[in-house]
Amino acid sequence: MMKLTVALLCTLCAVVSADLRLPLPEVIQREYPWLIDEPINSDNDAYSARIVGGSNVGPGEAKHQIALLRSGSFTCGGSLISSKTVLTAAHCVYGNENKPTTFTIRYNTLDRTSGPTIGVKKVNRHASYSSNTIDYDVATLTLSSAFAPGDNAAVIGLASTEPAANEVLKVTGWGRLSAGGSLPTKLQQANLNTISRSDCQKRWGSTNTITARMICAHSTTQSACNGDSGGPITKNGLLVGVVSWGSSSCLHQTYPNVYANVANLKNWINANTV
């Protein structure tokens, strides 16, 4: 039987590191201790180096997107949801909740390596977040000052209802272009189709529980990857999800990526927005 592994889609370490993954959820580590990535089928080799990163985002197409830096190094994505608040994934800040000055955001740019930055003065991680299950995977960052709106800097609204199955969503980020591959300099985008929670659970089986705080999206040719964590997945200009976890091969023919469900978590997000 093919052995399966799951990885958070984040870096949370310096980009020069050889390993850009957080530890896997403890439940998954116990059940799948071998941590062997699913090999890419030879028929799909053409996708392995180019599809995961998608295509370049054009000017003004993802104004809400920010790059989250930890100790000056790129670690995750995030979204501007108010003049002084960023929404990201809880696992992007896990273990550093009491060290807000460790983080800064880079915004108003499509280039991961340049653009204005703002410090973080408070980290609000959802109290119910579990590193065992990656449930409630959201956090807000209170910025030390309001961001300045610009050609690539604006607030995005939060969706009030989760997308139905078979709807097209757009994910953006500076994550790896392929599993184990390089990080792009230019912001990338990919289109994914939502799948129902029940179908998502069937595909993941006993590996992890797909809860109401999660939505799933999949494509056999495009995917989020390590470094995209915390970043936005959107529909019709509204934020519907936060990049959370998925297969360590990133692009997978069967297993969808999983996103924190913004509509379900909206009350908490609003209560922790300045």
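This report walks through the side-chain contacts of a predicted model, starting with the overall picture and ending with a few individual residues.

**Overall picture**

The protein chain carries 5 helices and 15 strands. Of its 274 residues, 55% are buried. Look at contacts with a separation of 6 or more, and 71% of them come from residues 24 or more positions apart. As for the surface, the protein chain exposes about 10,800 Å², with carbon and sulfur atoms supplying 48% of that.

**Salt bridges**

Searching the whole structure turns up 6 salt bridges. Among them are the three in this table.

| Pair | N to O distance |
|---|---|
| Lys 186 and Asp 111 | 3.7 Å |
| Asp 135 and Arg 213 | 2.7 Å |
| Arg 203 and Asp 199 | 3.3 Å |

Let's take them one by one, beginning with the salt bridge between Lys 186 and Asp 111. Lys 186 sits in the loop between strand 10 (168-173) and strand 11 (188-195), while Asp 111 is in the loop between strand 6 (103-106) and strand 7 (117-125), so this pair ties together parts that are 75 residues apart in sequence. The two partners differ in cover: Lys 186 is partly exposed, at a relative accessible area of 43%, whereas Asp 111 is buried, at 16%.

Next up is the salt bridge of Asp 135 with Arg 213, at 2.7 Å from N to O. Here Asp 135 comes from the loop between strand 7 and strand 8 (139-143) and Arg 213 from the loop between helix 4 (197-204) and strand 12 (214-218), so the link ties together parts that are 78 residues apart in sequence. Asp 135 is buried, with a relative accessible area of just 8%.

The salt bridge between Arg 203 and Asp 199 is a local affair within one helix. These residues are 4 apart in helix 4, which means about one helical turn separates them. Arg 203 is partly exposed, with a relative accessible area of 25%, and Asp 199 also counts as partly exposed, at 28%.

**Around Asp 135**

Which residue joins its side chain to that of Asp 135 in a polar contact of 2.8 Å? That's Thr 211, found in the loop between helix 4 and strand 12. Thr 211 counts as buried, with 13% relative accessibility. The side chain of Thr 211 also reaches the backbone nitrogen of Arg 213, at 3.1 Å. So Thr 211 has a polar contact with Asp 135, and Asp 135 in turn has its salt bridge to Arg 213. Leaving aside residues up to four places away in sequence, Thr 211 touches Asp 135 and Arg 197.

Ser 128 belongs in this neighbourhood too: setting aside residues up to four places away in sequence, Ser 128 touches Asp 135 and Tyr 136. Ser 128 lies in the loop between strand 7 and strand 8 and is partly exposed, at 38% relative accessibility. There's also a C-alpha separation to mention: Ser 128 and Ala 90 are 38 residues apart along the chain, and their C-alpha atoms are separated by 9.9 Å.

**Aromatic rings**

The whole structure holds 5 aromatic pairs. One of them is Tyr 107 with Phe 147, an edge-to-face pair with ring centres 5.8 Å apart and 75° between the planes. Tyr 107 is in the loop between strand 6 and strand 7, and Phe 147 is in the loop between strand 8 and strand 9 (157-158), so the pair ties together parts that are 40 residues apart in sequence. Tyr 107 is buried at 7% relative accessibility, and Phe 147 is buried at 7% as well.

Then there's the pair of Trp 204 and Trp 245: the ring centres are 5.0 Å apart and the planes meet at 55°, so this pair is tilted. Trp 204 is part of helix 4 and Trp 245 is part of strand 14 (residues 238-247), so the pair ties together parts that are 41 residues apart in sequence. Buried or exposed? Both Trp 204 and Trp 245 are buried. Ring pairs also bring in Tyr 255, linking Trp 204, Trp 245 and Tyr 255 into a cluster.

Finally, a charge over a ring: Arg 112 lies over the face of Phe 74, 5.7 Å from the ring centre.

Note on methods. Residues are numbered from 1 along each chain as its sequence is written. This is a predicted model: local features need pLDDT of at least 70, side-chain atom pairs count only at pLDDT 80 or more; totals for chains, interfaces and linings use all residues. Side-chain values use heavy atoms; hydrogens and water are left out. A salt bridge is a side-chain nitrogen of Lys or Arg within 4 Å of a carboxyl oxygen of Asp or Glu. Helices (H or I, at least four residues) and strands (E, at least two) are DSSP runs, numbered from the N terminus. Buried means under 20% relative accessible area, exposed over 50%, partly exposed in between (1.4 Å probe, protein chains only). Contact means heavy atoms within 4.5 Å. Accessible areas come from the Shrake-Rupley method with a 1.4 Å probe; for residues, only the protein chains shown count as cover. Rings of Phe, Tyr and Trp (its six-membered ring) pair if their centres lie within 6.5 Å; planes under 30 degrees apart count as stacked, over 60 as edge-to-face and the rest as tilted. A charge sits over a ring if NZ of Lys or CZ of Arg is within 6 Å of the ring centre and within 35 degrees of the ring normal. A polar contact is a pair of N or O atoms within 3.5 Å; within protein, one must be able to donate a hydrogen and the other to accept it, and residues adjacent in sequence count only if both atoms are side-chain atoms.
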